[in-house]
Amino acid sequence: MKLLLTINGAEDHIDILSPGPACRFQLGETAERPAQVETPEPGVYSVLLDGRSYDAYVEETPNGLVVVIDGYHFEIEVRDPRRWSRKTGGRGGEGIQTIVSPMPGKVVRVLVAQGDAVEAGQGLVVVEAMKMQNEMKAPRAGKVLTLSAKEGATVTAGEVLVTIA
């Protein structure tokens, strides 16, 4: 399962390859790692990673999660790219915007080219899954920085298709 993360304002992703207690994961572009994860009580996680033991205290807030590990506070927002919500569906915001495939499928049309100027709501890429076509749209006006989608290519859920600045 691929999840999109915002950790203290920085965007990243995590692939959970197998869930706990014997967990395997890949954070960003790093190598796959194993960890042992136990939940002794709600909101508390005991993690054995690389021979070190960590206690993570997790608290839900209206803006996401606050995780405290060894006195360090991390504000984390977790988004499942397969789920649409009012909060993530119309994301405008500043800076670089990443448009990802919401599901595994096939790219059937690429509607923009790298360097193109786009308007908010403009179609960028069309992904087909189970005979349904889904058009990925620009969350705001900007310029196409990167375009990794190629017509005919197979994509996975959460795979980056386009970035806009």
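In which strand does Glu60 lie? In this predicted model, Glu60 belongs to strand 6. The residue is exposed, because its relative accessibility of 69% is over the 50% cut-off. A second reference point for Glu60 is Gly152, 92 residues away along the chain. The C-alpha atoms of Glu60 and Gly152 are 41 Å apart.

Strand 6 also contributes to the largest pocket. That pocket holds about 1,300 Å³ of space. Eight elements are relevant here, each giving two or more residues to the lining: strand 1 (2-7), strand 2 (10-18), strand 3 (22-27), strand 4 (33-41), strand 5 (44-49), strand 6 (52-61), strand 7 (64-69) and strand 8 (72-79). Strand 6 is the greatest contributor, with five residues. In total, 30 residues line the pocket. Nearest the centre of the pocket are Ile14, Val47, Val67, Ile69 and Ile76. By residue class, the lining comprises 24 nonpolar, two polar and four charged residues.

Strand 1 carries Thr6. Thr6 counts as buried because its relative accessibility is 13%, under the 20% cut-off. The side chain of Thr6 forms a polar contact with the side chain of Arg79, at 3.0 Å. Beyond its neighbours within four places in sequence, Thr6 touches Glu11, Glu75, Ile76, Glu77 and Arg79. Arg79 thus appears in both descriptions of Thr6, as a polar partner and as a contact. Ile76, another contact of Thr6, is one of the residues nearest the centre of the largest pocket.

The loop that joins strand 1 and strand 2 contains Asn8. Asn8 is not a glycine, yet its phi is positive, near 50 degrees. Asn8 is classed as partly exposed because its relative accessible area is 46%, a value between the 20% and 50% limits. Lys131 offers a further case of positive phi in a residue that is not a glycine, at about 70 degrees. Lys131 sits in the loop between strand 12 (123-129) and strand 13 (132-137). Lys131 is exposed, because its relative accessible area reaches 78%.

A separate description applies to the open sheet. Four strands make up this sheet, in the order 9-16-14-11, and they pair in the antiparallel sense. Strands of a sheet pair through backbone hydrogen bonds, in either a parallel or an antiparallel sense. Strand 9 (97-100) and strand 11 (117-118) are the edge strands, because each of them pairs on one side only.

Strand 16 has two partners in the order, strand 9 and strand 14. Strand 9 and strand 16 run antiparallel and are joined by four bridges. Within this pairing, Thr98 has Thr163 of strand 16 as its bridge partner. On the other pairing, strand 14 (residues 142-147) and strand 16 (residues 160-164) are linked by three bridges, again antiparallel. Here Val144 faces Ile164 of strand 16, and Thr146 stands opposite Thr163. Thr163 is therefore matched both with Thr98 and with Thr146, as strand 16 pairs with strand 9 and with strand 14. Strand 16 is mostly covered, with four of its five residues buried.

How values were computed
Residues numbered from 1 in each chain as written. Predicted model: local features only at pLDDT ≥ 70, side-chain atom pairs only at ≥ 80, totals over all residues. Heavy atoms only, no water. 1 Å grid on protein atoms, 1.4 Å probe; cavity = no way out; pocket = protein on both sides within 12 Å on 5 of 7 lines; lining within 4 Å. Points joined across faces, edges and corners; volume = space filled by probe spheres on them. Nonpolar A, V, L, I, M, F, W, Y, C, P; charged D, E, K, R; others polar. Pairing = 2+ DSSP bridges. Buried < 20%, exposed > 50% of the residue type's maximum accessible area, 1.4 Å probe, protein only. Polar contact = N/O pair within 3.5 Å; in protein donor to acceptor, adjacent residues only side chain to side chain. Contact = heavy atoms within 4.5 Å.
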